[in-house]
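Work through the exercises below with the structure open beside you. Try each task before reading its solution.

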Amino acid sequence: MRALTVRQPWAGLIANGAKTIENRPRKTTYRGPVSIHAGKTLAIADWEWARKQLSPKLVPNRDQLVLGAVVAVADLVGCHAAGWPSECNTPACKAWGEMGGDTWHWVLADSRPLAEPVPARGQLGLWTTDDFLTAAIEAALEPKE
């Protein structure tokens, strides 16, 4: 399974389906499921901005954010350069897309939060999980009875 490390609070917003655009410096041709890994560090300035701009229900207290674990699986369904009028004229790009430079918007859909976060070490870029981590992620996606 492919995975993407994203700093909090953005990983949590992707997990709950509120954020569907991930800004990256490179394009990708990959399409399919991608594990959303919350990085080990919290972007404090981003967290403060998100708490002020969004509902506290969407952005929990700092001590409640999961760090260093896979928190969701989403589908990577598209990728386009920032500012493409035919692609960026959407509410998602207007809300979450950074403009300018060499920014690419990775379009995410159908985010499925895990029942329990799966601890993992992240990597830069789009990376591939090993068999053990993939199995743990798939097990955490199944509803608990």
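Helices are DSSP runs of H or I with at least four residues, and strands are E runs of at least two, both numbered from the N terminus. The model used here is predicted.

**Exercise 1. Place Leu 13 and decide whether Leu 13 is buried or exposed.**

Solution.
- Step 1: find the element. Leu 13 sits in helix α1, which covers residues 10-15.
- Step 2: apply the cut-off. Buried means under 20% relative accessible area.
- Step 3: read the value. Leu 13 has a relative accessible area of 0%, so Leu 13 is buried.
- Step 4: look across the chain. Ala 50 is 37 residues from Leu 13 along the chain, and their C-alpha atoms are separated by 9.7 Å.

**Exercise 2. Describe the overall architecture of the protein chain: how many helices and strands are there?**

Solution.
- Step 1: count the elements. The protein chain has 5 helices and 6 strands.
- Step 2: order them. From the N terminus the elements run β-α-β-β-α-β-α-α-β-β-α.
- Step 3: check burial. Of the 145 residues in the protein chain, 43% are buried.
- Step 4: check contact range. Take the contacts with a separation of 6 or more; residues 24 or more positions apart account for 80% of these.
- Step 5: check the surface. The accessible surface comes to about 8200 Å², and carbon and sulfur atoms hold 53% of this area.

**Exercise 3. Find the salt bridges: which residues are linked with Glu 22 in a network?**

Solution.
- Step 1: recall the principle. Side chains of opposite charge can pair when their charged atoms come close.
- Step 2: set the cut-off. A side-chain nitrogen of Lys or Arg must lie within 4 Å of a carboxyl oxygen of Asp or Glu.
- Step 3: take the total. The count comes to 4 salt bridges.
- Step 4: inspect one pair. Glu 22 and Arg 24 form a salt bridge, with the closest N and O atoms 3.0 Å apart.
- Step 5: test burial. Glu 22 is buried at a relative accessible area of 7%. Arg 24 is buried at 15%.
- Step 6: extend the pair. Salt bridges link Lys 19, Glu 22 and Arg 24 in a network.

**Exercise 4. Analyse Arg 112: which parts of the chain does the pair of Arg 112 and Asp 75 tie together?**

Solution.
- Step 1: identify the bridge. Arg 112 forms a salt bridge with Asp 75, and the closest N and O atoms are 3.5 Å apart.
- Step 2: map the pair. Arg 112 lies in strand β5 (residues 104-119) and Asp 75 in strand β4 (residues 69-81), so the pair ties together parts 37 residues apart in sequence.
- Step 3: classify exposure. Arg 112 is partly exposed at 26% relative accessibility. Asp 75 is partly exposed at 22%.
- Step 4: add another partner. Asp 110 and Arg 112 meet through their side chains in a salt bridge of 3.0 Å, N to O.
- Step 5: turn to Ala 109. Ala 109 is in strand β5 and is partly exposed, with a relative accessible area of 29%.
- Step 6: list its contacts. Leaving aside residues up to four places away in sequence, Ala 109 touches Ala 74, Asp 75 and Val 77.
- Step 7: add a distance. Ala 109 and Ile 21 are 88 residues apart in sequence, yet 8.9 Å apart from C-alpha to C-alpha.

**Exercise 5. Characterise the largest pocket: which strand gives the most to its lining?**

Solution.
- Step 1: take the volume. The largest pocket has about 290 Å³.
- Step 2: locate its centre. Of the 17 lining residues, the closest to the centre are Thr 5, Arg 7, Gly 39, Gln 123 and Leu 124.
- Step 3: name contributing strands. β1 (2-8), β2 (21-24) and β3 (32-42) each supply at least two lining residues.
- Step 4: rank them. β3 gives the most, with 4 residues.
- Step 5: sort by class. The lining has 4 nonpolar, 7 polar and 6 charged residues.

**Exercise 6. Spot the backbone exceptions: where is Pro 9 placed?**

Solution.
- Step 1: recall the norm. Most residues other than glycine have a negative phi, and most peptide bonds are trans.
- Step 2: examine the peptide bond. From Gln 8 to Pro 9 the bond is cis, with omega near 15 degrees.
- Step 3: place the proline. Pro 9 is in the loop between β1 and α1.
- Step 4: examine phi. Asp 110 is not a glycine, but has a positive phi of about 50 degrees.
- Step 5: place the aspartate. Asp 110 is in strand β5.

Methods:
Residues numbered from 1 in each chain as written. Predicted model: local features only at pLDDT ≥ 70, side-chain atom pairs only at ≥ 80, totals over all residues. Heavy atoms only, no water. Buried < 20%, exposed > 50% of the residue type's maximum accessible area, 1.4 Å probe, protein only. Contact = heavy atoms within 4.5 Å. Areas by Shrake-Rupley, 256 points an atom, 1.4 Å probe, with all protein chains shown as cover. 1 Å grid on protein atoms, 1.4 Å probe; cavity = no way out; pocket = protein on both sides within 12 Å on 5 of 7 lines; lining within 4 Å. Points joined across faces, edges and corners; volume = space filled by probe spheres on them. Nonpolar A, V, L, I, M, F, W, Y, C, P; charged D, E, K, R; others polar.
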